[in-house]
Every structure is written in structure tokens, then in C-alpha cells.
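Reader: Please walk me through one part of this structure at close range, residue by residue where it helps. I would like a single connected account rather than a list.

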Amino acid sequence: MTYLVAHNRMAREMDKVVNSMFGGKTAPCDETECFTPRVNIVETASDVSLTFEVPGLEKGNIKVTVTDGNLTVTGERSSEFSSEVKKFVRNEFGYGKFSRSFTLPEHFDADKVMADYKNGLLVVTLPRKEETKPKEIEVKVG
């Protein structure tokens, strides 16, 4: 078993743990023709942002969709080299298609989801609905 295959398998197992905690799903794939981008999830009082690590992807190879309360990010990264021209001594980059899905809680406004791609990072921002944002209440001392 090559390092890349073992690494991809371990990454998918870790994704299962994270996805079980945050309602995410990773599409199945062939061990040598897939990669799963890592994601950071940050929550603030006004929104939640998911930052995907996807270096080497062209903007046109990334798709973000919101359907039936699910956020899905898909994409594809092509190999840089033809095996006929060069032979890898070591290849740790993942190539192929990926798909990550997350169930959106009802308190997020699916119509206002935003996505920005810069420097290999895809940031998807999910704003909270206005009525679910925390309200500050003044405490009176009497």
C-alpha cells in the first residue's frame, strides 16, 4: 500500500468522526483518485463560516450549492503531470473529485450564503436569520 493510499484512507476515517459531530458527509471515492479537502468551521454571533483548504483548484472547478437544507461543496483537481512524461518519486497531493456536504440548521439564511475563493482557500459564509441573532439585554441594578 502506498503512502498516498494510506494517507487518504486515514483522512477519510477522520472525516467520518468530524462529520458525525457536525452533520457533514463525504462522498465515497476510489482510493487513488480522490481527495477530501480539510475544513475549518467557525461560528460567530452573526454567522458560521466554513473554510475549505483547496489549493491548486481553479475557481471554475468548484461548485457550492444549497438544496433542501444541505450545503454541498464539490470540485475537481487534475493531476499536474502525465504519467507518460514524468514518474513520481513521491506523490502526496490528492487528485480527483471531491464532495463535502453539511446539514444546515434552520436558523441560517440559505438564501444569503456567500462563497469566496482566494489563495487556495474557499470560504463559505452562512449568515444567521435576523431573528436568531443573540440579543443583548441590559441588566438593571436596583
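**Around the last hairpin**

Author: Let's start at the turn: strand 7 and strand 8 form a hairpin with two residues between them, and N119 in that turn has a positive phi of about 55 degrees. Please keep in mind throughout that this is a predicted model. The phi value of N119 deserves a second glance, since the residue is not a glycine and yet its phi is positive. N119 belongs to the loop between strand 7 and strand 8. With a relative accessibility of 75%, N119 counts as exposed.

From the turn we can follow the hairpin into its two arms. Strand 7 covers residues 114–118, and five bridges connect it to strand 8 in an antiparallel arrangement. One place to find this pairing on your screen is K118, which stands opposite L121 of strand 8.

Strand 8 has another partner as well. Strand 3, residues 47–53, pairs with strand 8 over seven bridges, again in the antiparallel sense. Here a useful landmark is T51, whose bridge partner in strand 8 is V123. Strand 8 thus pairs with strand 7 and also with strand 3.

How many of the seven residues of strand 8 are buried? The count is five, so strand 8 (residues 121–127) is largely enclosed by the rest of the structure. Compare that with N119 in the turn, which is exposed.

Now let's continue along the chain to R128, in the segment after strand 8. R128 is buried, because its relative accessible area of 12% falls under the 20% cut-off. What does its side chain meet there? The side chain of R128 forms a salt bridge with that of E43, with N and O 2.2 Å apart. This pair ties together distant parts of the chain: E43 sits in strand 2 and R128 in the segment after strand 8, 85 residues apart. The two ends differ in their surroundings: E43 is exposed at a relative accessible area of 53%, whereas R128 is buried at 12%. The E43 and R128 side chains also count as a polar contact, at 2.2 Å. In addition, the R128 side chain reaches the backbone oxygen of T44 at 3.3 Å.

In general terms, oppositely charged side chains can pair when their charged atoms come close. A search of the whole structure turns up three salt bridges, and the pair of E43 and R128 is one of them.

Another salt bridge takes us back to strand 3, the partner of strand 8. R38 and E53 meet through their side chains, 2.7 Å from N to O. They too link distant parts of the chain, 15 residues apart: R38 is in the loop between strand 1 (24–26) and strand 2 (39–43), and E53 is in strand 3. R38 is exposed, with a relative accessible area of 60%. E53 is partly exposed, with a relative accessible area of 35%.

The remaining pair brings together D109 and K112, with their closest N and O atoms 3.9 Å apart. D109 counts as buried at 17% relative accessibility, while K112 counts as exposed at 52%.

Before we leave, it is worth visiting another loop with a backbone feature like that of N119. D68 has a positive phi of about 50 degrees, although it is not a glycine. D68 is in the loop between strand 4 and strand 5, and it is exposed, with a relative accessible area of 75%.

In the loop between strand 4 (62–67) and strand 5 (70–77) you will also find G69. G69 counts as partly exposed, at 31% relative accessibility. What does G69 touch, leaving out residues up to four places away in sequence? Its contacts are F102, T103 and L104. P105 belongs in this view too: the C-alpha atoms of G69 and P105 are 7.4 Å apart in space, although the two residues are 36 apart in sequence.

To gather the hairpin story together: strand 8 is largely enclosed, as five of its seven residues are buried. On the chain just beyond, in the segment after strand 8, R128 joins its side chain to E43 and to the backbone oxygen of T44.

Methods. Residues numbered from 1 in each chain as written. Predicted model: local features only at pLDDT ≥ 70, side-chain atom pairs only at ≥ 80, totals over all residues. Heavy atoms only, no water. Buried < 20%, exposed > 50% of the residue type's maximum accessible area, 1.4 Å probe, protein only. Helix = DSSP H or I, 4+ residues; strand = E, 2+ residues; numbered from the N terminus. Pairing = 2+ DSSP bridges. Salt bridge = Lys/Arg side-chain N within 4 Å of Asp/Glu carboxyl O. Contact = heavy atoms within 4.5 Å. Polar contact = N/O pair within 3.5 Å; in protein donor to acceptor, adjacent residues only side chain to side chain.
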